[in-house]
Amino acid sequence: MRGRENRNLLLMVAPAIIVGAAFFLLPLARLAVVGATGKLGLAAYTAVVTNPQYFEALASTIVLSVTVTVATLVIAGITGVFLERNHFFGREALISMLTLPLAFPGVVVGFMVIMLAGRTGLIGELTTYFGAGRLVFAYSIAGLFTGYIYFSIPRVILTIMAAAEKLDPALEEAAKSLGANPWRVIVDVILPALKPALIASGAVCFATSMGAFGTAFTLATDIKVLPIVIYTEFTLLANIALAAALSMVLGVITWATLAACRVAAGSTAAAAG
Amino acid sequence: MNGKAGTAIRLADCAKTFPNGTRALERTSLEMRGGETVVFLGPSGCGKTTLLRVIAGLESPDPGGRVYFDDEDVTNLPIERRNVGMVFQSYALFPNMNVADNIAYGLKVHGVAPDKRARRVDEMLEMMQIGELRERRITELSGGQRQRVALARAIAVQPRVLLLDEPLTALDALLRERLRIEIDVLLHSLGITAAYVTHDQGEAMAIGDRVAVINKGAIVQTGTPREIYYKPASSFVADFIGTMNRVDGTLRDGSLELPGGRIFWGQEGSGAMQVLFRPNDARIVPEAGAPLRGVVEQVFFLGDRTRLHVTGVADRAVVVETTEHGEFQVGQAIGLRIEPGALLRLRD
Ligand SMILES: Nc1ncnc2c1ncn2[C@@H]1O[C@H](COP(=O)(O)OP(=O)(O)OP(=O)(O)O)[C@@H](O)[C@H]1O
Ligand SMILES: [Mg+2]
């Protein structure tokens, strides 16, 4: 009886396995092989660490992604809880505006950063007008940071709002009745309850930032992020093996981070019941 | 336990209107003596929780209302500085902490040293007889166990006042009965002032030193359970608490005349009127020579007592309860005697 159910289940998921293998695992395996069979051989994989140029790109990509993730969680966390709790005129409009960036490709986001903080950007015009000189930061790490934050916020804010909706107000009132001030209520009650949502949306935010290409490409910044390096190696230098190896490294790091987050979220979800 | 008498609570002209215009509480003034348990009883939506939240400091009363703990005006004191213990219907235990950490939370917030904290937690676990649950996760507890932990957590900080909002409503009948007795013993041994909200009149009668009956946002009567039961001030109170017979009769020459006979009442006046009495105030007597006569229409055996519906006594069937062991047959003719003092006339 049980065996038959298992067999039926297997039959049902078989198409998914086949499609998954064809479109995901096979190219991935091919990529891994290509990476190891260039003129550098397996050394292409270690080049990420040994070659200062690649290593710097990897490091700055990780630093940028972590910073963007933390900043996004703080901003979207506070905003999400606020929007969930306060009903004011224009709230719906504000929410749909905050989620607008979901519709834009990275190139458009980069374009918007240039219009905001580029050489003829709005911020530059304003600072010039007030006699503070022309402030331009679109092409620096600050520009990247701005663009990444912009497309990260909506992904996090919606998850946080959904989680904040499920917060039990009685828990906060119980903590207060026991003498907890508002700050302690946040630390002891609200954050633990939001933790699974913060981890899950933070992981998505990190992965998106690690792999983001369009924004960085448009801004053509002075710092190189890994996706841009991969593009350059592949398209301009035809260094296919190295591009494949770098892609694998990028993928593995991101995948490992996501997996670690899932484990962490799983244990807190179990702890929170 | 802490030796001193509990904190007296006084509400002066407290009303509550919510921003959406709902008037949840009419202007209410109320005094609770130190160490007293006052039960707030009323139907759903009558404003019980709102009243409790005003005492707690979770809602502020409309302008003009004041809340006093002893002689201290706490109206503008936020809940975290009022030192009140709260017990919620939903328990509201912290899911990210185990039982011991839940109980210790208030002590931790108050900056009590870890060793002193641990001793107090032990004390509470023992008092609530849940020592073996110490390290359990909240999700691994039954409803009754959760409620004990919630009580322990609220009491651990030795609050000035304990506020309980339908603490037993989510439990099954048997457990409710047992915990009700435990809470009653606990409140009196602690000597703490307690406000207890319920819509269950049995619970109110058992736990309250005094009961305040609430209807549509206003306290309509306050008194001991006995006063509320036997001397209801209005037909709302009479109907809300227990079963009340309500019959039409005529007062003539100091006697009340009913279709089934007459009872000497000794009241002034005359004319038609409505009279009330409790089912257990009508005693069953032999039919011959009885002041009132009727016929048994239905019999309900309830274990500790028997409930009869009797026709012929009044214009409608009356409910009579007896603890006698005798058997009653449907159609049997019986006599009833009601002491004059048990008859009630309401002003409204
Ligand atoms: N935050 C609020 N905003 C608006 N109206 C409210 C709010 N809280 C309660 N009310 C309304 O005030 C009235 C009294 O509510 P309250 O919760 O005090 O009733 P209750 O007696 O505790 O009822 P129950 O037995 O169902 O818990 C109700 O009509 C309710 O809808
Ligand atoms: Mg209520």
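Here is a friendly conversation about a predicted model, covering a sheet in chain B, the domains of chain A and the contact of the two chains.

Visitor: What is the order of the strands in the open sheet of chain B?

Guide: Happy to start there. The open sheet has four strands, and their pairing is antiparallel. Read across the sheet, the order in chain B is β2-β1-β4-β5.

Visitor: Which strands of chain B stand at the edges?

Guide: An edge strand has a single partner, so one of its sides is left without a neighbour in the sheet. In chain B that applies to β2 (23-32) and β5 (72-73).

Visitor: Which helix packs on that sheet?

Guide: The helix in question touches β1, β2 and β4 of chain B. Its direction makes about 125° with that of β1(B). It covers residues 48-56 of chain B and is helix α1.

Visitor: How many bridges join β1(B) to β2(B), and what lies between them?

Guide: These two strands run antiparallel, with six bridges joining them. One facing pair is Leu11(B) and Leu30(B), the latter in β2(B). Together β1(B) and β2(B) form a hairpin, and Gly21(B) in the turn has a positive phi of about 95°. To take both parts of your question, the bridges number six, and between the strands lie five residues.

Visitor: Which residue in β4(B) stands opposite Arg10(B)?

Guide: Strand β1 (residues 9-17) and strand β4 (residues 66-69) of chain B pair in the antiparallel sense over four bridges. Within this pairing Ile9(B) faces Phe69(B). Opposite Arg10(B) stands Tyr68(B).

Visitor: Turning to chain A, how far apart are the centres of domain 1 and domain 2?

Guide: Chain A is divided into domain 1, residues 1-35, and domain 2, residues 44-272. Their contact takes five residues from domain 1 of chain A and eight residues from domain 2 of chain A. Taken over C-alpha atoms, the separation of the two centres is 32 Å.

Visitor: Which three residues supply 76% of the area that domain 1 of chain A buries against domain 2 of chain A?

Guide: The area buried between the two domains of chain A is about 470 Å², and carbon and sulfur atoms give 76% of that. On the side of domain 1 of chain A, no other three residues supply more than this trio. They are Leu31(A), Val34(A) and Gly35(A).

Visitor: What polar links does the model show between those domains?

Guide: The count of salt bridges between domain 1 and domain 2 of chain A is zero. For polar contacts, with both residues at pLDDT 80 or more, the rule finds one residue pair.

Visitor: What is the area buried between chain B and chain A?

Guide: The size of an interface is often given as the accessible area lost when the parts come together. Here the contact takes 24 residues from chain B and 20 residues from chain A. Carbon and sulfur atoms give 63% of the buried area, which is about 1,800 Å².

Visitor: Which residues form the salt bridge between the chains?

Guide: The count between chain B and chain A is one salt bridge. Its closest N and O atoms are 2.9 Å apart. The partners are Glu173(A) and Arg53(B).

Visitor: Which element gives the most to the side of chain B that touches chain A?

Guide: β6 (84-87), α2 (99-109) and α4 (143-156) of chain B each supply at least two residues to that side. The one that gives the most does so with four residues, and it is α2(B).

Conventions. Residues are numbered from 1 along each chain as its sequence is written. Chains are lettered from A and ligands numbered from 1 in the order in which they are written. This is a predicted model: local features need pLDDT of at least 70, side-chain atom pairs count only at pLDDT 80 or more; totals for chains, interfaces and linings use all residues. Side-chain values use heavy atoms; hydrogens and water are left out. Two strands pair if DSSP finds at least two bridges between them. Contact means heavy atoms within 4.5 Å. Axes are lines fitted to C-alpha atoms, for helices over the stretch in contact, and angles run from 0 to 180 degrees between N-to-C directions. Domain bounds come from an automatic or database domain assignment. Buried area is the accessible area (1.4 Å probe) that two parts lose on being put together, summed over both. A salt bridge is a side-chain nitrogen of Lys or Arg within 4 Å of a carboxyl oxygen of Asp or Glu. A polar contact is a pair of N or O atoms within 3.5 Å; within protein, one must be able to donate a hydrogen and the other to accept it, and residues adjacent in sequence count only if both atoms are side-chain atoms.
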